[in-house]
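Hello,

Here is the structure I promised to pass on. Please open it first, then read my notes below.

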Amino acid sequence: MPQSPRSHEDRDRFGFDETRDYLGAAVAALLPAPLVARGLSIAVETDREVYAPGDPVSVRVVMRNRFPVPIAVSTPSRRLWGWEVDGALEASEEPRRDPGGSGALSFRARERKTREWTWDGRVTRRDDRGTRSSPLERGDHEIRAFVATARERPEARTTFRVE
């Protein structure tokens with residue numbers, strides 16, 4: 001049977017091969033939560049500035065830890081981050097059920113997290129006729145991305161137009 005390049009005896013017995021930054025984690029633990037939240041930057045952009053009604057919209061959100069140490073941002077629910085279109089969470093006016101619990105969004109030192117997706121350009125609304133999905137009306141609209149902290153939410157906004 002072939003041996004792996006590093007046999008069991010050659011492995012680092014003292015843990016120096018570990019990639020965890022223990023000193024950085026200890027320093028980060030001393031940072032107050034409001035300062036940690038301010039250490040995050042967030043940006044949101046779309047692939048175009050003008051769309052036709054019902055056109056799909058490519059959205060890109062970049063969250064970045066500006067600190068040279070790892071951080072973890074606490075959130076009061078399991079939602080770590082989110083996005084809205086004209087104030088409607090994930091382009092839906094449907095009520096959301098909160099399953100409870102809390103969460104933490106972790107970053108390595110100076111880490112950047114990028115999320116990209118294509119939104120169908122429609123908003124789900126509830127009215128007296130029930131729930132329906134319809135394209136955005138013509139005009140200016142806003143997409144907001146945020147980290148779901150309890151206070152001092154890091155957020156970014158961008159606008160686009162439907163013609």
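Which residue stands opposite Arg144 in β12? The partner is Arg157. Keep in mind that this is a predicted model.

**Strand β11**

Arg157 belongs to strand β12, residues 155–162. Strands β11 and β12 run antiparallel, and eight bridges join them. One more pair to look at is Phe146, whose bridge partner in β12 is Glu155.

Now turn to strand β5, residues 81–85. Five bridges join β5 to β11, again antiparallel. Here Trp81 stands opposite Val147 of β11.

Why is β11 largely enclosed by the rest of the structure? The strand covers residues 139–147, and seven of its nine residues are buried, so the surroundings largely enclose it. Buried here means under 20% relative accessible area.

**The sheet**

Five strands form an open sheet with mixed pairing. The order is β2-β12-β11-β5-β6. At the edges are β2 (50–51) and β6 (88–89), each pairing on one side only.

**The core**

The largest nonpolar core has 28 residues. Val61 and Trp119 touch the most other members. Strands that each supply at least two core residues include β3 (57–65), β8 (112–119), β5, β11 and β12. The largest share, four residues, comes from β3.

What does Val61 touch, leaving out residues up to four places away in sequence? Among its contacts are Ile42, Ala43 and Val44. Trp81, Trp117 and Ala145 are on the list too. So are Lys113, Thr114 and Arg115.

Best wishes

Note on methods. Residues numbered from 1 in each chain as written. Predicted model: local features only at pLDDT ≥ 70, side-chain atom pairs only at ≥ 80, totals over all residues. Heavy atoms only, no water. Buried < 20%, exposed > 50% of the residue type's maximum accessible area, 1.4 Å probe, protein only. Pairing = 2+ DSSP bridges. Core = buried A, V, L, I, M, F, W, Y, C linked by side-chain atoms within 4.5 Å. Contact = heavy atoms within 4.5 Å.
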